[in-house]
Structure formats: C-alpha cells, structure tokens
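I set aside this session to look up open and enclosed spaces, ion pairs and surface patches in one model, and I kept my notes in the order in which I worked.

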Amino acid sequence: LDNKALLARAREAEAIRQRCTTDYGRIAKYVMPNSYRYDITFTGQGQFQTTPTQNESFDVHDTTARSACSVLAGGTLNYVAPVNRRWFKLESQDGNNKEFLDEASDVMFKGLAASNFYQVFHESLVERSAFGVGAYTFVGLDNAGLPTFEAVPPGSFAFEEDVNGLPGAFYRSVHLTVAQVAEAFPDYKPEGKAADVKRLLHIVIKRTWVDDAPKEEANPYLSFWFSDDKLINRGGFRKMPYFVSRFMGSAQNIYGWGPAHSCLPDIEALNELEHVLDVAVEKMVEPPILAPYQESFTASSRPGEITYYDPLAGGAKPEVWQVPTQYSMGVDRAEKKRQRIDSAFMLDVFKLFSSQTRQLTATETAELANERLAQFSPTFVRLVNEGCLPMLEAYFDKLLWSKYVFKSQMPQAETLKY
C-alpha cells in the first residue's frame with residue numbers, strides 16, 4: 001500500500017475540515033468553555049502533528065447558551081435513547097429467527113445499559129448540540145462481553161462521506177503515552193519515556209476506496225495506524241467503527257451546522273450586553289463621585305460611611321454623576337436575545353410538557369407529543385440514521401462474529417436477514 005497516498009488523502013480531508021469549522025473556536029468559548037480542539041497539521045514528508053489549544057473563558061459573562069446546549073443534549077438523549085425504556089428492536093425481514101432476534105435485542109439493550117454507552121453518547125450529543133456534529137466510536141467487546149465506546153471530540157477528526165451520507169473514510173488524531181502505545185501495539189517499540197505523549201493518526205477507509213488494497217483482504221473497511229509518517233499497525237473492520245451525526249446537513253459543509261451557528265451573533269451580543277449591565281449595576285451601587293477640585297474631604301460610597309464637607313465652601317458638596325437611568329431597557333434587550341438563543345436550541349420543544357399548569361387528558365398529551373415530534377423530527381431522523389442505527393449494526397455484527405453464547409439457536413451470520 002502507498003502510505004504517502006493515504007497520508008495525502010488525510011491531509012486533504014483535514015484541509016476541508018478546517019475550512020468548514022472556522023466557527024468552532026467562537027462556539028467553544030461561549031457554549032463549551034472547557035472543550036478543546038486539535039489542529040491537525042501535516043509537515044515535512046507526511047509527518048503528522050497535532051497541537052491542542054485551550055479555549056479561554058475569562059471574559060464570558062453569560063451562560064445562557066451553555067445551559068441551552070445542556071438541556072438540548074439531555075432532552076435529545078431522553079427522547080431518542082432513554083435509559084429506562086427499550087428504544088430499539090431487531091426484526092426479521094423474512095419472518096425467520098424471531099426468537100433469536102428477540103434474545104439478541106434483549107442482550108444488546110442490557111449490554112448498552114451496563115456499558116459506558118449512555119455516557120459517551122450523551123457527550124457526543126452535547127458536542128452535536130454545540131458544534132453541529134458529534135462523533136463516537138465502538139471500540140469492541142471487553143472481557144465480560146460488554147461493548148466499549150469512546151468519544152471523539154470535534155476538531156480531532158476528519159471524514160469523507162459515502163453515497164449514503166455516512167463515513168466512508170475517517171481520520172482521527174489520538175494522543176497516547178509511550179506506555180499506552182506499547183500496550184496497544186505490542187509489535188511496535190515507540191521511542192521515548194513511558195510518560196511521553198505520542199500523537200497517532202488512525203485511518204479507517206472503505207476497502208473499495210483504496211486502489212492497491214490486497215485482493216485477499218475480506219474486511220470491507222481497512223484500518224491503519226500511523227506514528228509520524230510510519231505505519232505501525234494495519235487491520236480491518238466488518239463495519240465502520242466510527243459514527244458521525246450532524247444536527248442539520250448542508251450541501252456545502254459535510255460537518256453540518258448546529259443551533260449555535262444560527263444564533264452565534266445573539267450569543268456574542270448577549271455576552272457583551274451582560275458585561276455592560278454588570279458594569280451598570282456596579283455604577284448604580286457604587287456610583288462615581290463628582291467633587292470640587294482640591295476638595296478638603298474624601299468622598300466614600302460604601303454602606304454606612306459618612307462623607308464630611310464644608311457647607312460654607314461654595315459648591316463643595318459632592319454628588320454622583322453618570323449613573324445609568326435606563327437599566328430596564330438593557331434588561332429587556334438581554335431577555336429578547338436570551339429567548340432567541342433558547343429557541344435556536346429548541347428549548348421550547350422540551351418545555352411543552354413542563355410548562356403545563358393543569359393535568360392533561362390523554363388526547364391532549366398525544367397532540368402535544370405529535371407537535372413535539374413534528375418540530376424535532378428532522379434532526380431526530382438524522383440522529384437515528386447517522387448516530388444510532390450504524391452503532392447498533394456494528395454492535396450486533398460483533399456479537400454475531402464473537403464467541404458470545406446465545407440461549408436460542410443462532411443462525412448463520414451470512415444468511416441472517418434483519
């Protein structure tokens with residue numbers, strides 16, 4: 001295989017990502033201040049480097065967007081994949097193997113509940129709500145047969161779409177210590193001390209997309225691990241292990257867009273307005289003092305203190321000045337911007353039930369649920385098709401080809417239609 005061609009393809013995909021995600025830094029500052037992103041660059045002869053950049057948040061004065069993002073992510077998780085309710089089921093296409101598929105559905109549901117899936121999936125939904133794209137990966141089954149997942153932060157990956165709009169190639173930056181690299185890849189001896197950090201590149205790509213792929217390779221997806229420009233591991237997958245979901249799609253941007261993109265001007269304006277209002281309150285509580293030149297007293301605006309002045313000195317009485325008098329106008333402006341931000345993050349959808357002041361009838365509840373689904377439907381369908389179904393297929397496929405023992409009769413994996 002031509003390693004340089006693979007690295008060149010990764011560079012091209014990363015260049016596209018950088019052009020499509022120019023607002024990430026601004027969004028992270030106001031919506032996810034503790035997030036970081038990796039600027040993936042290639043230098044020299046295909047050498048892979050990543051530089052983490054921390055987002056500063058010391059001048060953030062409003063948390064409306066952060067709270068809205070959290071509510072949207074939590075509401076999406078509860079609506080799409082509730083922990084306490086069965087939200088998926090395997091069904092046969094030809095009417096056969098119903099007992100086995102029912103058992104497999106139960107095994108998968110319990111496996112996801114006992115694993116770190118909901119934690120990782122929620123993290124990807126937070127990033128999806130903030131940046132418009134969220135990704136995570138199915139690592140495999142642990143020794144207990146439970147699935148294991150990892151979050152993939154936006155900015156640490158690039159990808160290419162296949163004809164179905166799903167990742168056909170995925171390029172991920174991974175940071176591991178030398179000790180972790182040696183443990184993960186026993187045949188590779190990395191240089192450096194055990195605690196030194198190595199920056200690796202993981203490429204997963206469709207076998208049919210690689211011109212010189214070996215014909216004997218059976219896996220539909222090829223896997224390559226690079227350290228700098230050196231190939232350190234090669235393998236394959238039956239299913240794409242990386243899952244990418246966009247909040248909304250765009251013909252010009254495969255990374256999509258999210259609520260923060262549509263209301264970013266309001267987020268930034270509200271942040272500045274809250275700063276101005278804070279200053280206004282400080283001036284109202286401790287106003288600036290206008291006093292005569294060469295006054296013989298020291299004016300103080302602290303509670304309980306007395307300022308003495310000479311009443312016989314003409315015009316020597318101190319007075320406040322430039323105190324804001326239209327504070328309520330600023331509050332009204334801030335509230336309108338806050339409402340627009342909440343609306344962009346679809347908080348009104350999740351408040352349909354909580355805002356009711358009386359007991360609803362079954363008919364009214366159903367009508368509200370339908371209204372909620374109608375508003376949430378476009379991004380809901382995209383999340384199911386991009387973030388849920390591919391994961392369930394990869395998990396089920398892993399169970400079929402692993403040594404997991406089912407109680408019911410297990411069919412041949414190649415002939416199973418579901």
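The entries below go from the pocket to the cavities, then to the salt bridges and the surface.

**Entry 1: the model.** I noted at the outset that this is a predicted model, and I kept that in mind for each value I wrote down.

**Entry 2: the largest pocket.** I looked up the volume of the largest pocket and found about 630 Å³. I then went through its lining, which is made of 23 residues, and wrote down those closest to the pocket centre, namely V139, E150, R172, V174 and W225. By class, I found 14 nonpolar, 6 polar and 3 charged residues in this lining.

I next asked which strands supply at least two residues of this lining. I found β1 (36–43), β3 (133–141), β4 (147–152), β6 (167–177) and β9 (230–237), and among these I marked β6, since I had it down as giving the most to the lining, with 5 residues.

**Entry 3: the largest cavity.** I counted 2 cavities of 30 Å³ or more, and for the largest cavity I recorded a volume of about 40 Å³. Its lining takes in F121, S124, L125, R128, G134, A135, Y136, F243, V244, S245, L383 and G387. The elements that give two or more residues to this lining are α5 (117–131), β3, β10 and α11 (362–401), and the largest share, 4 residues, comes from α5. Sorted by class, the lining of the largest cavity holds 7 nonpolar, 4 polar and 1 charged residues. I noted that β3 appears here as well as in the lining of the largest pocket.

**Entry 4: the second largest cavity.** For the second largest cavity I also wrote down a volume of about 40 Å³. The residues that line it are Y30, D62, A65, I267, L270, N271 and I341, and helix α8 provides the largest share of them, 3 residues. This lining divides into 5 nonpolar, 1 polar and 1 charged residues.

**Entry 5: a salt bridge inside helix α1.** I found that the structure holds 19 salt bridges, and I looked at a few of them in turn. In the pair E14 and R17, the side chains meet at 2.7 Å, N to O. Both residues lie in helix α1 (residues 3–20), where they are 3 residues apart, about one turn of the helix. I checked the accessibility of the two partners and found that E14 is buried and that R17 is buried too.

**Entry 6: a salt bridge between two strands.** I then turned to E161 and R246, whose closest N and O atoms are 3.0 Å apart in a salt bridge. This pair links distant parts of the chain, with E161 in strand β5 (residues 157–161), R246 in strand β10 (residues 242–246), and the two positions 85 residues apart. I asked whether R246 is buried or exposed. I recorded R246 as buried because its relative accessible area is 3%, whereas E161, at 33% relative accessibility, counts as partly exposed.

**Entry 7: helix α9.** The salt bridge of R338 with E335 has its closest N and O atoms 3.6 Å apart. Both residues lie in helix α9 (residues 327–344), 3 residues apart, about one turn of the helix. E335 is partly exposed, with a relative accessible area of 37%. I followed the shared partners and found that salt bridges join D62, E274, E335 and R338 into one network. I recognised D62 from the lining of the second largest cavity.

In helix α9 I also looked at A334, which counts as buried because its relative accessibility is 1%. I noted that A334 and E272 are 62 residues apart in sequence, while their C-alpha atoms are 9.8 Å apart in space.

**Entry 8: a nonpolar patch.** Last, I looked over the surface and found that V281, M284 and V285 form a nonpolar patch with about 260 Å² of accessible area together. I placed V285 in helix α8 (residues 264–285). I wrote V285 down as exposed because its relative accessible area is 62%, which is over the 50% cut-off for that label.

Technical notes: Residues numbered from 1 in each chain as written. Predicted model: local features only at pLDDT ≥ 70, side-chain atom pairs only at ≥ 80, totals over all residues. Heavy atoms only, no water. 1 Å grid on protein atoms, 1.4 Å probe; cavity = no way out; pocket = protein on both sides within 12 Å on 5 of 7 lines; lining within 4 Å. Points joined across faces, edges and corners; volume = space filled by probe spheres on them. Nonpolar A, V, L, I, M, F, W, Y, C, P; charged D, E, K, R; others polar. Patch = residues over 30% accessible without salt bridge, like charges linked within 9 Å, V, L, I, M, F, W, Y side chains within 5 Å. Areas by Shrake-Rupley, 256 points an atom, 1.4 Å probe, with all protein chains shown as cover. Salt bridge = Lys/Arg side-chain N within 4 Å of Asp/Glu carboxyl O. Buried < 20%, exposed > 50% of the residue type's maximum accessible area, 1.4 Å probe, protein only.
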